[in-house]
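Dear colleague,

Please find below the structure I am handing over to you. My findings on its main pocket and on one helix contact follow after it.

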Amino acid sequence: VAVAGSCDVEGRSRLPADSMTFIEPAPADELYELELERVGYVPNYVRAFSHRPDVYRAWRGLVGAVQAASDPRRYELATLAAAKRLRSSYCSLAHGKMLVDRFYSAEQVLRLPDGLDEADAAIVAFAEKVADDASLITQADVQRLSDVGLSDAEITDVVLAAALRSFFAKTLDGLGALPDALYGELEPELREELTVGRPIDG
């Protein structure tokens, strides 16, 4: 089913402009239809994977497995920390918005990591370091997380969240995918804080 002319309930095109990546998106109607059902429009990041839809499906499965085993709020904190360190506007905007929608006020997200307790602040710092250069992680870094109460499984969750973000962010930026135009509707100060790399589409 072709979706190129579809619009959402607000009249906004559910497919972004063809210039949203450095490559021409491939026809991937089945993939696009799945996203229309899942989120109501076709995000730019989905079109970036249009030449390799099986990779996108595998990615979604991997993310789902990691999220199922993780504390949702801490997963989002670690993901946002890694995304900002990777200078991924797309991922920073998406997961900053998720934190606002589910766990914090916009003002609290703007001030992160200020306001976090010791354990959550340690998670953010650790995720940043994994995103920066995981080869620099030491036993002392891991011990720090243990000292604030994280189990070995929970430490693994933080590493997985940051490592997953590195794959996704670098894929999107490598292909030139712009954050969806809907992120332009975020509060201006929050939008500016989270736009750490490529500009928002449109």
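**Pocket lining and helix packing**

In this predicted model, the lining of the largest pocket consists, by class, of 14 nonpolar, 2 polar and 7 charged residues. The volume of this pocket is about 610 Å³. It is lined by 23 residues, of which Arg38, Tyr45, Ala94, His95 and Met98 are the closest to its centre.

Five elements each give two or more residues to that lining: helix H1 (29–39), helix H3 (53–69), helix H4 (72–85), helix H5 (89–102) and helix H9 (152–175). The largest share is that of H5, which supplies 7 residues.

Helix H9, named above as a contributor to the pocket lining, also packs against helix H7 (residues 118–133). The axes of these two helices lie 9 Å apart and form an angle of about 45°. Because of that angle, H7 is oblique to H9. Their crossing is right-handed.

Which residues make up this contact between H7 and H9? From H7 come Ile123, Phe126, Ala127 and Val130, and they meet Ile155, Val158, Val159 and Ala162 of H9. By class, the residues of the contact are 8 nonpolar, with no polar and no charged ones. The lining of the largest pocket, by contrast, includes 7 charged and 2 polar residues beside its 14 nonpolar ones.

Yours sincerely

How values were computed:
Residues numbered from 1 in each chain as written. Predicted model: local features only at pLDDT ≥ 70, side-chain atom pairs only at ≥ 80, totals over all residues. Heavy atoms only, no water. 1 Å grid on protein atoms, 1.4 Å probe; cavity = no way out; pocket = protein on both sides within 12 Å on 5 of 7 lines; lining within 4 Å. Points joined across faces, edges and corners; volume = space filled by probe spheres on them. Helix = DSSP H or I, 4+ residues; strand = E, 2+ residues; numbered from the N terminus. Nonpolar A, V, L, I, M, F, W, Y, C, P; charged D, E, K, R; others polar. Axes fitted to C-alpha atoms, helices over the stretch in contact; angles between N-to-C directions. Parallel < 35°, antiparallel > 145°, perpendicular 65-115°, else oblique. Left-handed = near helix turned anticlockwise from the far one by under 90°. Contact = heavy atoms within 4.5 Å.
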